[in-house]
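Could you walk me through this structure in my viewer? I would like to know what to select next and what I will find there.

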Amino acid sequence: MDQILWDIAGTDGLIVVQSLLGKSVGYLAPFQSLDTVLAGKPCSVLRLCERNFRIRYAGDMTQHISPLKSSVSVRQYEWLKAFSISSEQLQSLTKRATVRLPHRLVGLPNHQAVPAQLDTISMVIWRHTSLESRSQRVYERGRESSSEKDSEKASSEKRSVDIHTSWTDVERLKEKINNL
C-alpha cells in the first residue's frame with residue numbers, strides 16, 4: 001500500500017483534526033500518534049507540534065477539510081517520502097542513528113515518533129500500527145461482534161516502523177539501513 005502523507009498546519013490545525021478524527025487527538029503530545037478511521041478508511045495521525053499534524057491516509061484529505069472553511073493548509077509535499085522498515089532493521093538503526101534530547105530511539109514504543117539522523121541524513125522514525133493490519137481489523141469488526149475476538153485481533157496487530165525523509169535521500173538511506 002502506498003504511504004500517502006498529508007500534513008495539516010495552521011491556526012485551526014488542532015480544531016480541524018479533532019473535528020475529523022475525534023477529541024482524543026487533542027491529548028497527544030508532540031511526536032505521539034494514534035490510529036483511527038476516517039470515512040471508513042484506516043488512518044494514523046502523528047502530532048508534530050501544537051497545531052501541526054501528519055496523517056497517513058489513503059484517501060483525499062482535502063475533500064474532508066474543504067467543507068470546514070478553516071484556516072489550515074493541507075499538503076502532500078513532493079519532497080517528502082516514506083518507506084517502512086522491519087523491527088529488526090529498527091534495532092540495528094538504533095545503534096547508529098543519533099537523536100537529540102529529550103527524544104530517544106532505544107525502546108521506541110508504539111504510537112511514537114522521533115526525529116533522527118543517520119550520518120548526514122535527517123529523518124522521522126514513526127512506530128505505529130500498520131494500515132494493512134488496521135484495515136483488516138476494521139473489515140473483520142464489521143463481521144464479528146465478539147469482544148473476545150476483537151481483543152485477539154488487537155493483540156496480533158502488526159506494528160509498522162515508517163521512515164519519513166527527503167526524496168533525494170530515500171535510496172541512500174535504504175541502502176545504509178540494509179547494510180547496518
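## A tour of two sheets

Start with Leu-46, which stands opposite Arg-54 in S4. Keep in mind as you look that this is a predicted model.

Now widen the selection to strand S3 (residues 41-49) and strand S4 (residues 52-57): the two run antiparallel, and 6 bridges join them. In general, strands of a sheet pair through backbone hydrogen bonds, in either a parallel or an antiparallel way.

Next, bring in the neighbours. You should have an open sheet of 5 strands, in the order S2-S3-S4-S1-S5, with antiparallel pairing. At the edges sit strand S2 (33-38) and strand S5 (73-75), each pairing on one side only. Turn the view to follow the twist, which averages 25° from one strand to the next.

Ready for another sheet? Select S6, S9, S8 and S7: these 4 strands form an open sheet in that order, and their pairing is antiparallel. Its edge strands are strand S6 (80-85) and strand S7 (112-118), and each pairs on one side only. Here the twist averages 25° from one strand to the next.

Zoom in on strand S8 (residues 121-129) and strand S9 (residues 159-166), which run antiparallel and are joined by 6 bridges. Pick Trp-126 there, and look for its bridge partner in S9, Asp-162.

Finally, add the helices. Helix H3 (residues 87-96) packs on this sheet and touches S6, S7, S8 and S9. The direction of H3 makes about 140° with that of S8. Helix H6 (residues 170-178) lies across S6, S7, S8 and S9, and runs at about 20° to S6.

Conventions. Residues are numbered from 1 along each chain as its sequence is written. This is a predicted model: local features need pLDDT of at least 70, side-chain atom pairs count only at pLDDT 80 or more; totals for chains, interfaces and linings use all residues. Side-chain values use heavy atoms; hydrogens and water are left out. Two strands pair if DSSP finds at least two bridges between them. Axes are lines fitted to C-alpha atoms, for helices over the stretch in contact, and angles run from 0 to 180 degrees between N-to-C directions. Contact means heavy atoms within 4.5 Å.
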